[in-house]
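Student: I have a structure open and would like to talk it through. Could we begin with one of its annotated segments?
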Amino acid sequence: MKKFDKDRVLLGIAGPGLALVVAFLLTSVVLLVSDRDPFEPYQLMFQTAEFTDVQVNILNQAGTYYLAALAVAIGFRMNLFNIGVDGQYRLAVMLAAVVGASVELPAPLHILLIVVVAMLVGALWAGIAGVLKTSRGVSEVVSTIMLNAIATSLIAWMILPANLGEQLPGSNDLTTGQIAESGWFPGLAMEGGTIYGFTFVAFALGIVYWFTLNRTRFGFDLRATGASESAAQASGVDSKKMVLTAMLISGAMAGLVGMPLLLGQTHTYSLSFPAGVGFTGITIALLGRNNPIGIFFAALLISFIEKTSADLDQFGYEKEIATIMQGLIVISVVVSYELVRQYGLRRQQQKVGEELAAQARKNKEEVAL
Amino acid sequence: MASALPTAFSLLSRQGECVINASSPSTPPAVELRGITKRFPGVVANHDIDITIRKGTVHALVGENGAGKSTLMKILYGMQKPDEGTITIDGKQVGFHSPADAIAAGIGMVHQHFMLADNLTVLENVVLGGEKLYGIGAKARNKIKEISDAYGLNVRPDVLVEQLGVADRQRVEILKVLYRGARTLILDEPTAVLVPQEVDALFDNLRELKAEGLTVIFISHKLGEVLSVADDITVIRRGTTVGTADPRTTTPKQLAELMVGSELPSPETRESTVTDVPMLNVDALRLTATDPDGVIREVLDGITFTIHKGEVMGIAGVEGNGQTELIEALMGMRDPDGGVITLDGSDISHVPTRKRREDGIGYIPEDRHRHGLLLESPLWENRILGHVTERPNSKKGLLDLKAARKDTERIVREYDVRTPGIEVTAASLSGGNQQKLIVGREMSHHPKLLIAAHPTRGVDVGAQAQIWDQIREARREGLAVLLISADLDELIGLSDTLRVMYRGRLVADADPATITPEELGSAMTGAATGHLEHNENGEGR
């Protein structure tokens with residue numbers, strides 16, 4: 001039995017390993033085809049990563065991505081595709097910033113309030129897709145994409161100075177006002193900068209995610225629904241309730257995505273808040289196989305590529321190489337995981353057959369004796 | 001060809017056989033396998049297989065699932081190479097490297113799952129890949145007609161395959177093989193997909209083939225069919241040939257015992273354990289469904305019955321007459337539109353599925369892959385499935401993995417689930433072992449009511465006997481069982497009372513002690529209603 005476990009771990013690593021090797025090779029091919037040195041960019045990226053400030057940036061960015069990927073992964077575990085993490089996150093962080101800037105409370109309460117508002121808004125926005133799916137059968141893929149667009153417009157309208165936003169003198173950026181210092185999440189000062197305190201919360205949520213999925217009845221129901229909806233239903237899972245709950249949790253998690261940046265650095269929502277984080281989260285959840293440890297490394301990898309590619313321009317390489325690389329990673333991940341999965345399943349069936357035949361033979365010999 | 005002829009032909013061929021037997025030294029057998037051994041890394045799939053298949057006969061190959069029948073046929077069809085042993089076709093020793101070699105030597109295979117292109121006509125399907133033989137036009141059409149007439153296959157060359165039923169598709173497959181010049185046909189479980197009348201028609205075709213001097217190798221584990229159609233029977237157990245049987249003198253029971261290697265219990269349960277304590281009471285249950293056209297149909301109408309403690313109630317019926325819907329209504333997967341379901345005194349008509357399971361309904365689903373298992377999850381997770389809120393699987397919302405694993409090991413041991421361990425996925429077990437795991441899981445929670453839908457479908461004889469034993473045992477301890485099965489012997493053998501379901505209604509009842517499968521069969525088609533008496537004058541109510 002131990003042997004099977006070892007095999008599983010090996011197969012588990014084989015999937016992403018294969019995908020990454022293929023993705024990097026393909027990137028080299030792209031570089032080669034465009035008359036560039038196929039390997040120098042990697043070298044430059046590793047050099048960039050030696051700076052401590054870049055390292056801090058990578059870690060902070062990884063924390064944000066980690067939350068986004070967890071939000072996506074919760075849906076993935078039951079075959080729900082929450083493509084709307086991006087919209088949920090932006091709407092949530094904006095409204096949380098508005099609420100945070102409008103009150104003054106003792107520090108822990110102030111932070112808690114902001115976080116709870118963000119989670120509620122995220123859950124609500126995702127919940128719309130959940131309700132549409134359970135009551136009208138609307139595909140959550142379609143509805144969450146639409147809700148992303150609606151969120152973008154909604155934010156643009158709400159942040160107008162006439163509504164919730166304000167325009168700082170001498171700037172054309174719109175913000176939601178500064179949150180008082182009691183609503184700042186303390187960080188960890190390092191040589192190269194400050195690691196946001198919420199980054200650690202993000203990684204801790206990975207443990208919560210793992211525990212909930214693997215050690216609770218609810219998690220079992222969720223995984224069972226993902227593995228086979230019909231079997232889960234026959235086993236007593238209320239699939240509609242499950243879809244709605246999973247959507248709400250995924251949305252609440254998406255609501256947290258903006259927290260490291262908001263609570264740790266900007267202390268206000270502005271038009272320059274990063275968009276597209278939710279989509280990167282999909283990549284990371286895929287690459288990390290919805291596994292909290294896998295997602296951790298995947299988040300680190302993607303933010304490494306992103307943060308270290310910024311300087312490539314200086315050396316005559318386009319920094320879009322990083323985007324190409326990410327795209328290639330996604331496509332090779334999808335292909336290689338399916339290959340490895342089928343191989344693993346076949347191999348196990350074969351193995352079980354062998355072991356059973358061996359047992360049967362042994363029994364027969366015993367009988368013969 | 002007239003329908004009376006096949007019998008005449010088979011009589012003739014019987015006489016012919018005697019001649020062949022008498023002069024056997026001069027006529028070499030169609031296929032002779034000697035000492036075939038095939039090893040896969042770490043396992044011997046076949047060893048010391050000896051089979052002689054006489055020309056112009058139907059030779060049945062029987063054995064449990066996983067006994068090695070498929071591997072052997074793959075060897076004969078050139079898909080696998082044997083490590084030892086010889087294959088002799090018509091007296092000539094051969095060595096196949098691919099199915100093409102086997103086809104060239106006159107061996108054809110009709111697979112269990114049809115390999116036809118739906119959007120092509122029969123003609124196109126037949127010539128596909130064999131264009132060189134007779135072209136693709138009139139010559140090919142004439143050849144198809146010729147073969148079809150010669151063997152009574154009744155194949156129409158210009159019909160689209162998508163318009164054909166299962167039985168017709170099978171005949172096209174047979175024709176495809178004959179078109180390529182096969183003299184020996186391998187049929188892999190050909191009756192698995194057919195209804196009884198179609199099986200009879202297939203057997204008539206096989207007799208025609210045999211009468212024309214062709215040889216048929218028939219793989220099956222339906223013993224009654226084997227006995228009715230085969231001239232010779234070879235039994236395979238654990239990868240080797242364990243014996244041959246003469247269908248004229250062998251009973252299904254003897255054959256089954258040869259297959260599993262031990263004495264076989266029958267489904268009979270005659271000593272009654274029925275009490276007068278009602279366990280499940282269904283009153284005027286009604287369920288409607290909306291067609292794709294928007295028409296509302298009653299799929300269950302006025303279903304009323306009571307199952308007592310210690311009683312097995314069997315429901316007979318052609319599939320699709322509301323059995324599935326009845327189970328789903330009882331399990332809470334569909335909300336009834338009317339009527340009352342009472343379990344052990346409490347009304348559960350609209351209670352959610354999980355609560356019903358906690359309250360003591362055990363469920364052996366008809367489609368275990370869709371409703372009973374998580375195929376890609378390990379066995380211990382499958383043990384939790386359906387009982388996640390119950391001990392030993394969880395305590396206060398948290399899973400108790402240690403206890404669940406330990407209990408899975410117990411089930412594997414006590415219910416004889418053949419597996420190397422509990423960490424393997426359910427998909428890697430054979431159908432029979434998957435079913436034993438499900439039965440073990442459901443029984444482990446001491447249900448008050450067991451809903452067993454086709455509990456032994458696709459399960460080999462050995463596992464079938466075990467499952468019957470377990471149902472009987474639980475019944476003795478006061479379990480109420482609702483048994484739905486297409487196997488009439490199983491229904492009659494296990495049930496204390498029998499009902500017949502037809503178009504969403506329970507139309508007839510019968511006493512399993514006296515009823516015969518034939519009488520039950522006529523009620524299943526709606527021809528008889530009311531109380532079925534086992535005599536000529538049985539009056540309907």
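Tutor: Let us begin with residues 141-160 of chain A, where the chain is 90% helix and 0% strand, with 30 Å between the end C-alpha atoms. Please keep in mind that this is a predicted model.

Student: What does UniProt call residues 141-160 of chain A?

Tutor: The unreviewed UniProt entry places the feature "transmembrane region" there. The feature is also given at residues 9-34, 54-76, 88-105, 111-132, 194-213, 243-263 and 321-340 of chain A.

Student: How much helix and strand is there over residues 243-263 of chain A?

Tutor: That stretch is 90% helix and 0% strand, and its end C-alpha atoms lie 31 Å apart.

Student: On to domains. How is chain A divided?

Tutor: Domain 1 of chain A comprises 1-36 + 318-345, and domain 2 covers 55-316. Their C-alpha centres are 26 Å apart. At the contact between them, 12 residues of domain 1 meet 11 residues of domain 2.

Student: Which helices supply at least two residues of the domain 1 side?

Tutor: Helix 1 (2-33) and helix 14 (321-368) of chain A each do so. Helix 14 gives the most, with eight residues.

Student: And how many residues on that side are nonpolar, polar or charged?

Tutor: Eight are nonpolar, two are polar and two are charged.

Student: Now the interior. Which residues have the most contacts inside the largest nonpolar core?

Tutor: They are A:Ala68, A:Ala69, A:Leu70 and B:Ile451, in a core of 178 residues. Helix 3 of chain A, residues 52-76, contributes the largest share of this core, 16 residues.

Student: Take A:Ala69. What is it in contact with, leaving aside neighbours within four places in sequence?

Tutor: A:Ala69 is in contact with A:Gly281, A:Ile284, A:Ala285, A:Gly288, A:Ile295, A:Ala298 and A:Ala299.

Student: How many residues does the other core have?

Tutor: That core, which lies apart from the largest one, has 66 residues, including B:Leu33, B:Ala140, B:Val155 and B:Leu175.

Student: Staying with chain B, how many residues of helix 2 are buried?

Tutor: Seven of the eight residues in helix 2 of chain B, residues 69-76, are buried, and the helix is mostly covered. The buried residues are B:Lys69, B:Thr71, B:Leu72, B:Met73, B:Lys74, B:Ile75 and B:Leu76.

Student: Which residue takes a positive phi just after helix 2 of chain B?

Tutor: B:Gly78 does, with a phi of about 80 degrees.

How values were computed
Residues numbered from 1 in each chain as written. Chains lettered and ligands numbered in written order. Predicted model: local features only at pLDDT ≥ 70, side-chain atom pairs only at ≥ 80, totals over all residues. Domains from an automatic or database assignment. Contact = placed C-beta atoms within 7 Å. Helix = DSSP H or I, 4+ residues; strand = E, 2+ residues; numbered from the N terminus. Nonpolar A, V, L, I, M, F, W, Y, C, P; charged D, E, K, R; others polar. UniProt positions renumbered as here; feature names shortened; annotations may be inferred. Core = buried A, V, L, I, M, F, W, Y, C linked by C-beta atoms within 7 Å. Buried ≥ 20, exposed ≤ 12 C-beta atoms within 10 Å, placed from the backbone.
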